[in-house]
Amino acid sequence: MNNILDEAFKKNYAVPQFNMNGLIWLESILKTAEKCRAPVIVGTTDKIVDQLGGFNLLTQVFKTMKKDLNITVPAVLHLDHGQTVERCIEAVNAGYDSVMYDGSKLLIEENVKNTKKVVEYAHRHGVTVEAEVGSVGGTEDGVYSDLSYADQTECVQLSKETGIDSLAPALGSVHGKYKGEPNLGFKEMTLLRQSLDIPFVLHGASGISDEDLQKAISYGHAKINYNTELNIAWSDALRKVLNSNQELYAPMEILEPSKQALNNVIEGIIKRTGAFQKA
Ligand code: 13P
Ligand code: ZN
Ligand code: NA
């Protein structure tokens with residue numbers, strides 16, 4: 001993960017993280033990244049891991065699919081919003097490449113303490129760590145958070161005291177759909193960039209305008225997370241097929257257009273983040 005993020009950070013583009021919600025997501029993410037010659041991050045939220053069969057199964061499926069599809073671009077498996085230190089350790093033990101420890105609901109001292117534990121364990125196993133300060137608003141996989149802007153001093157404290165590889169400073173972004181216009185804290189981003197030299201991660205990117213996205217990348221957001229935009233494209237396509245013919249029941253026929261929809265939206269995002277042909 002460090003290789004692809006540092007490269008993007010230096011060269012002023014971002015690597016997209018696409019969250020998987022089933023096998024067709026994984027297939028579509030890997031195939032499209034290969035087609036676009038783009039480095040890519042596959043995210044699994046803490047909640048979806050168990051839905052999809054657990055850390056070990058996911059790691060095996062990820063590795064096998066990469067091999068079987070002859071994927072040659074860098075593709076890494078990442079735990080998104082790990083809820084506890086133990087969950088992050090489980091992911092590391094199973095063979096994940098990278099983990100996010102999400103201590104955003106805790107007081108900063110507690111967040112620092114736990115993030116440090118994750119970093120110590122993960123780094124010993126060659127696994128990278130992302131952490132969060134402030135709170136990304138909205139709901140993802142049933143986990144709700146009130147939006148709160150990251151405090152600058154806390155961002156610096158957490159980064160310096162834990163040795164994390166990347167930081168997600170919550171500066172107005174929201175998981176799921178935005179209610180009204182997104183309002184990203186660019187002033188805070190500028191300030192934070194002056195005091196920190198590690199790649200930033202932008203959560204809640206679905207629904208953010210291209211202009212804001214480019215600005216965030218210019219302030220050193222080298223990893224940009226997408227889940228909702230994929231799921232909207234997928235579910236819209238499914239609804240359309242099912243509504244078009246009440247007699248349909250063959251899964252392959254029903255699912256094909258939704259796979260195409262995923263491919264298209266993923267390709268569009270790869271181009272927008274600048275990861276196109278960077279591998
Ligand atoms: P969206 O819900 O905006 O796609 O955000 C995804 C995300 O931040 C995953 O961690
Ligand atoms: Zn997120
Ligand atoms: Na969003």
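This briefing covers the annotated positions of a predicted model, the shell around its ligand and a small part of its strand pairing. An unreviewed UniProt entry lists Asp80 under "active site", and under "binding site" the unreviewed entry lists His81, His175 and His203 as well as Asp102 and Glu132. The three histidines span 123 residues in sequence, yet no two of their C-alpha atoms are more than 11.6 Å apart, so they gather at one spot.

**The position listed as active site**

- Asp80, which the unreviewed UniProt entry gives as "active site", lies in strand S3, a strand made up of residues 75-82.
- Asp80 counts as buried because 26 other C-beta atoms lie within 10 Å, where 20 or more are required for that class.
- When neighbours within four places in sequence are left aside, the contacts of Asp80 are with Asn19, Gly43, Thr44, Thr45 and Met100.

**The histidines listed as binding site**

- His175, one of the histidines that the UniProt entry lists for "binding site", lies in strand S9, which covers residues 174-175.
- His175 is buried, with 25 other C-beta atoms within 10 Å, and, leaving aside neighbours within four places in sequence, His175 is in contact with Val136, Gly138, Thr139, Glu140, His203 and Gly204.
- His203 is found in a loop, namely the one between strand S10 (200-202) and helix H9 (210-218).
- His203 is likewise buried, and the count for His203 is 31 other C-beta atoms within 10 Å.
- Not counting residues up to four places away in sequence, His203 touches Val136, Ala168, Ser173, His175 and Asn225, so that Val136 appears among the contacts of both His203 and His175.

**The acidic pair listed as binding site**

- Asp102 and Glu132, which the unreviewed entry also lists for "binding site", are spread over 31 residues of sequence but cluster in space, with a largest C-alpha distance of 5.7 Å.
- Asp102 has its place in the loop between strand S4 (98-101) and helix H6 (108-124), and Asp102 is buried, with 29 other C-beta atoms within 10 Å.
- Apart from neighbours within four places in sequence, the residues in contact with Asp102 are His81, Gly82, Gln83 and Glu132, and His81 is itself listed by UniProt for "binding site".
- Glu132 lies in strand S5, which runs over residues 128-133, and Glu132 is buried, with 26 other C-beta atoms within 10 Å.
- Glu132 touches Asp102, Gly103, Ser104, Ala168 and Ala170 when residues up to four places away in sequence are not counted, while Ala168 is also touched by His203.

**The shell around ligand 1**

- There are 16 residues around ligand 1, and those that come nearest are His203, Ser206, Asn225, Asn227 and Thr228.
- The elements giving two or more residues to this shell are S3, strand S11 (221-226) and helix H10 (228-244).
- Divided by class, the shell around ligand 1 holds eleven polar, three charged and two nonpolar residues.

**The sheet that contains S9**

- Strand S9, in which His175 lies, belongs to an open sheet of three strands with the order S7-S6-S9 and mixed pairing.
- Strand S7 (143-145) and S9 stand at the edges and each has a single partner strand, so one side of each is left without a neighbour in the sheet.
- Strand S6 (residues 137-140) pairs with S9 in the parallel sense over two bridges, and Val174 in S9 is the bridge partner of Gly137.

Conventions:
Residues are numbered from 1 along each chain as its sequence is written. Chains are lettered from A and ligands numbered from 1 in the order in which they are written. This is a predicted model: local features need pLDDT of at least 70, side-chain atom pairs count only at pLDDT 80 or more; totals for chains, interfaces and linings use all residues. UniProt positions are given in the numbering used here, feature names are shortened, and annotations may be inferred rather than shown by experiment. Helices (H or I, at least four residues) and strands (E, at least two) are DSSP runs, numbered from the N terminus. A residue is buried if 20 or more other C-beta atoms lie within 10 Å of its own, exposed if 12 or fewer, and partly exposed in between; C-beta atoms are placed from the backbone. Two residues are in contact if their C-beta atoms, placed from the backbone, lie within 7 Å. A residue is near a molecule or strand if its C-beta atom, placed from the backbone, lies within 6 Å of it. Ala, Val, Leu, Ile, Met, Phe, Trp, Tyr, Cys and Pro count as nonpolar, Asp, Glu, Lys and Arg as charged, and the others, Gly among them, as polar. Two strands pair if DSSP finds at least two bridges between them.
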